[in-house]
Amino acid sequence: MSMHTTLRRTAATLPSSTSSILPSSQIITAQSKSTSFVCSQCRHATLLRRPKRPYTFTQLVTLSDGSSFTHRTSSPTPVYRSTRDTRNSLLWNPTSSKLMNVEDDEAGRLAAFRARFGRSFDANAPAAEEDATAKKEKEEEIKAQQAAEQQEEDNLLDLISSFGQQEAPPPEKKKKW
Amino acid sequence: MAAREPSRYLARGLPRTFVPSARSQAFLNRRNVSDEAPARRLSDQLEDLETASSLTTSVSESAASSFDPIARSKTRKTQLPRGRYQFRSPKYDRGPLHPHQPPAPSDPSSRLFVPGPFALPRAEQTYNSTVASDILTLCYVHTPPGFKPPPKAPRLREWDDSSPYHKNRPLRGPRGGDVLRLLRKPIKFNNIPKIERITLHSYVKEAAQDNSGWLHVAGIAVQAISNVRVETFKSKASVANWSLVPGRDTVAVKAELQGENMYHFLGKLIDVVLPRLKDWPGVKGSSGDSSGNITFGLEPEQMALFPEIEVNYDMYPPKMIPGCHITLHTTAKADKDARLLLSAMGIPFYGKIVQ
């Protein structure tokens, strides 16, 4: 009896293999796998429900810096432009000074207000100005240092060129290091 | 006119030169291939982009007049086989002993066949091109040749034979608890952790108290953001305050994302949604089930920031928009590796990082 059923089963699988893309050997192995499943006394037929898939559109997502990518989504808008994303959020760009600066004082109104009514804690210049002044100071320092080095070199050259010609060389400049 | 609108956006958005940002990778070790590319090619991706909403499409006159399927079939020399001569999968599975067996689900003629994948999502490309090799490099542990790791104690302990009753007992569990943790093998090229599936889960307690509308709205909202049909679940717990009875009230909605849907959702979540959350510090560093699955939650007002919900926000009753829990299942065996993977994909973590 069991012999008979296996024969009939293989006969049943044959037309499926002709209509499918897969090679017949794969299907037969799949069949043998499914027959090895041990059913514990369920005699009812189970409905094979077709899987439901929502319709999806291809959408172009344009990030705030102009980079873009496509993805499948259920929203029908063809192009999505984002204003706030990983390219301009502080959490993803923790060292970006542009994003840290929350205060936008283009017209200088806030600065003017502070100059007039500011108390001890906000009478100072805002952080950006402080940064600018600090940068200027640094540049000046570097320039001064370079000038000093240049001068020192000149002095040494003078020393070589004027060796033996002058009785009293000019007093040597104090070295920085 | 409607078709011209997006093309204007495209023309504006595309030729922009990409400025490589000098971001430091201290907090988030996230890296994109596009960060280093001098000019990116979008032309091949744009071919399958629909230029306008499909709701406003109109068929051209010539296409409509030339469409005549009957005349076309008459010009054929040999007719196509009729539908009833083609193989149709049986509607019911009648058990393993029935002679008429349904084909395997991977067979296109099967009723359970799901076509796809249709696209290579950006998040998946990022994983394959940069994240996987980065993780492999970061997890490399050098062992000199001839090195033998010290032998470890067995995970399940044996009973000391102090009592005659110890004979034939099953082995004891590990010290300090009954839980047998997953075995973490050294990460090699063939077991680089990757994201396996994402579960969106939403528990709507009002569905038991009020009406089923809450559950319908939650299901549609979760389906809209995930592209996957949801499953519903009945309550298992009994809570008197919420008038919950186990087995009676349907209270929860779940969507399981795998493969292409998962990567589309992940990319959208990281690039568009998470940066828009107000005062969001990141995912808590102690989250995770200690076997490589990380969970975090979104509030209802944060769920409304998904572009799919935002685009027709009026469709949802504003009170009824649900929150949800997002579980990222990874193939990592420890939370440490899972966090490494997810932070490389772009999910920030905050607080004390529990390993």
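Over which residues at the start of the tour, in chain B, does pLDDT stay under 50? Select residues 1-6 of chain B: pLDDT stays under 50 there, and the model has eight contacts beyond four places in sequence for them. Keep in mind that this is a predicted model.

Next, select residues 13-27 of chain B. Here too pLDDT stays under 50, with 16 contacts beyond four places in sequence. Where pLDDT is low, the predicted coordinates should not be read in detail. Now colour the whole of chain B by pLDDT: the average is 87, and 87% of the residues score at least 70. For the model as a whole, ipTM is 0.73 and pTM is 0.67.

Stay with chain B and pick out helix H11, residues 335-345. This helix is mostly covered, with nine of its eleven residues buried. Show the side chains of the buried ones, among them Asp335(B), Asp337(B), Arg339(B), Leu340(B), Leu341(B), Leu342(B) and Met345(B).

What covers them? Add helix H5 (122-138) and helix H8 (259-273) of chain B to your selection, then strands S6 (293-298), S7 (324-330) and S8 (349-350); the cover of the buried H11(B) residues includes these elements. Then step just past the end of H11(B) to Gly346(B), where phi is positive, at about 115 degrees.

Finally, switch to chain A. Its secondary structure comprises five helices and four strands. Follow the chain from the N terminus and you will meet them in the order α-α-β-β-β-β-α-α-α. Of the 177 residues in chain A, 12% are buried. Among contacts in chain A with a separation of 6 or more, 5% join residues 24 or more positions apart.

Notes. Residues numbered from 1 in each chain as written. Chains lettered and ligands numbered in written order. Predicted model: local features only at pLDDT ≥ 70, side-chain atom pairs only at ≥ 80, totals over all residues. Buried ≥ 20, exposed ≤ 12 C-beta atoms within 10 Å, placed from the backbone. Helix = DSSP H or I, 4+ residues; strand = E, 2+ residues; numbered from the N terminus. Contact = placed C-beta atoms within 7 Å. pLDDT = per-residue confidence, 0-100.
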